[in-house]
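Biologist: Thanks for sitting down with me over this one. Could we walk through the fold together, a question at a time?

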Amino acid sequence: MKTLKHTILALITISLFASCSDILEPEPLNAVSDENPIFDKGSSETALRGVYRQLASSGYYGENYVTLGYFPSGDVKNLTTGGAANLVNVNFRADDPLFNTSWVAIYSTINRANQVIAKVPSVQDPLLTPALKAQYVGEAKFIRALAYFDLARAWGGVQIILEPTNSFEDRQKVSRSSLAETYAQVLKDLEEAEVLLPDGVNRIRATKRTVWALRARLHLYKKEWALAEQYATKLIDKTADYTLLKPYSSWFAGNVVGTAESIFELEYSAINPSTIRAQMQHPTQGGTYRYAPNDKFVQLLNNAALSGGRKALIGSVTQGGTTLWYGNLYYRLPATDPAYIFRIAEMYLIRAEARAQLNNLSAATGALSDLNKVRDRAEIAPSTAVTKDEILLAIENERRVEFAWEGHRWFDLVRTGRAKTVLEALDPNTKVADYELVFPIPIVQTQLDPLLAPNPFY
C-alpha cells in the first residue's frame, strides 16, 4: 500500500510539471522548465520579474516556506484536520506535501535565476547597457543565494545546480553537496552579486544592501561572529535610510509599504495577492483560519512587560463568549501585504548575538545596547540580563516575539542547538528527535531522482 501511495504521488507530481502531450520520462521537480527566450532588454526584464515573482510565490515567501519556520515553533496550534498538524507537533514526514511544495518552489526560483544569469550577458541590445546587464545578473545571483541559503538551513546540504534546465535530459546529474559546500555557494553568489549591484535604497529589489543583510544572516548561521557583526553594522550605520519605528506596528500597519524599517520585502497586488493572509485570519476578517497562536503564545504577546507593542501581531474576535485569537501581521484586503524578508530589527539582533558571542556585553556599545534598542522600540524596559548566557537567552526570547510570523523561530532554535530543550519544555508531549533538526527530503523527489539521497531516518 505504501509503494502504491508513493507511486500515485509521483505520477500526480509529474502530471503537474510535464507537458500533457509529450511525456517521455519523469522530470525531477528541481528541473522546472523555463523556455521563455531572453533576447533583448524587454525580455531580460520580464525574465528577472519572473524570478522575483517565483520568490514571492505561495510555495515560497508568499506562504508555505514561511510557515515551515513557525509551525514547529511551539507557538502555533493547528485548526484543521490534517494540514499542518504534523509540523506543529514536530512529527516530520517525507510524504508531507508541505515540504514538497516549498522544495519545488525554491528550486523553481533557482532555475529562473539561472536563466537570467546564463542568458542576459550575451543579449545584444543597445538598450540593455553593460550596467543594466550587471545589475540584472547581480539581482538574480542574490536571489539564487537566498534560495540556496533557505534550502540549506531547512534541509542541510542540497544539490547545487548553477545552469538553467529546460528538460529532464539536459538537467545536470548531481549528487547532494554538504552543508558547508552549499553555504560556500551562497557566499560565492553574494560576493559576486555585491560587485554587480548598485548601492542605495531599494526596498523591493536587490542592491548591495540586500547582499549585506543576507551576509549578516549567513555569517550568524555559520557562527562567524565578527563577520555577522560587520555586515549588520553596515546597515545599522545607514541611519538616514533604516530605522526602528515607533509604535511597533507602524512598520506593517496602516497599509503602508516600504517603511524605513524595511531592508527588503516582496510586493503583492490585487491581481497577484499573497495567500498567507487567508490562512491566518479569522473568517470574520475574510480568512480561513487554518492555524492560530496557541494559548501560551497569546499570553506572551499580551504580556506588556515582555512583548509591549508586539501585541499588535495578534488580533481577536469573541464568539459565544469565547475569545478567538489569530495572527495579524498579514491583514489587508485585498491581500496585498508585503512579504518581509529583511528588517533593520533583525540586523540589531544579529549584531547583539554576535557581540555577545564575542564577549562584548556592554549596555553602551555592545550586545545589551543593541538588544535594548529593539526593546525600547517595543516600549518595554531594558533587559536585566548580565552574563553572556543570560544575554543570549534574552536575545533568543526577543527574536521569538519580534519575528512571531516571519518564519525565524524554528530555524533559530535549530541553529543554536536549543530546539529539543525549548520545545519539549513548552509541551511535554512534543518530542524532537535529533534527525528532525533537518526536514525530510520530499519522498516524491527522492523517488524521481536516484542521485538525491534522503536525510537519514526519514
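Modeller: Happy to, and one term will help us first: a polar contact is a pair of N or O atoms within 3.5 Å, and within protein one must be able to donate a hydrogen and the other to accept it. Please keep in mind that this is a predicted model.

Biologist: Then let's use that term at the start of α5: which side-chain oxygen reaches the backbone nitrogen of L98?

Modeller: The cut-off for such a pair is 3.5 Å. At the start of α5, the separation from the backbone nitrogen of L98 is within 2.9 Å. The side-chain oxygen belongs to D96.

Biologist: How many residues of α5 are buried?

Modeller: Helix α5 covers residues 97-119 and reaches 33 Å from its first C-alpha to its last, close to the 33 Å expected at 1.5 Å a residue. The helix is largely enclosed by the rest of the structure, because the buried residues among its 23 number 18.

Biologist: Stepping back, what radius of gyration does the protein chain have?

Modeller: The chain combines 17 helices and six strands, and its C-alpha atoms fill a box of roughly 60 × 55 × 40 Å along the principal axes. For 458 residues, a compact globule would come out near 23 Å. The chain agrees with that, at 22 Å.

Biologist: What percentage of the contacts between residues at least 6 apart in sequence join residues at least 24 apart?

Modeller: Buried residues account for 57% of the 458 in the chain. Among contacts between residues at least 6 apart in sequence, the share that joins residues at least 24 apart is 69%.

Biologist: Which helix gives the largest nonpolar core its largest share?

Modeller: That core has 130 residues, and those with the most contacts inside it include F142, W155, F342 and M347. The largest share of this core is 14 residues, and they come from helix α6.

Biologist: Which of those core residues with the most contacts does F342 touch?

Modeller: Leaving out residues up to four places away in sequence, F342 touches L146, T210, A213 and I263, among others. Two names on its list are also among the core residues with the most contacts. They are F142 and M347.

Biologist: Is A345 buried or exposed?

Modeller: A345 sits in helix α12, residues 344-357. Beyond its neighbours within four places in sequence, A345 is in contact with L244, E261, V374, R377, E402 and F403. Its relative accessible area is 0%, and under 20% counts as buried, so A345 is buried.

Definitions and conventions
Residues numbered from 1 in each chain as written. Predicted model: local features only at pLDDT ≥ 70, side-chain atom pairs only at ≥ 80, totals over all residues. Heavy atoms only, no water. Helix = DSSP H or I, 4+ residues; strand = E, 2+ residues; numbered from the N terminus. Expected span 1.5 Å × (residues − 1). Buried < 20%, exposed > 50% of the residue type's maximum accessible area, 1.4 Å probe, protein only. Rg over C-alpha atoms; globule rule 2.2 N^0.38 Å. Contact = heavy atoms within 4.5 Å. Core = buried A, V, L, I, M, F, W, Y, C linked by side-chain atoms within 4.5 Å.
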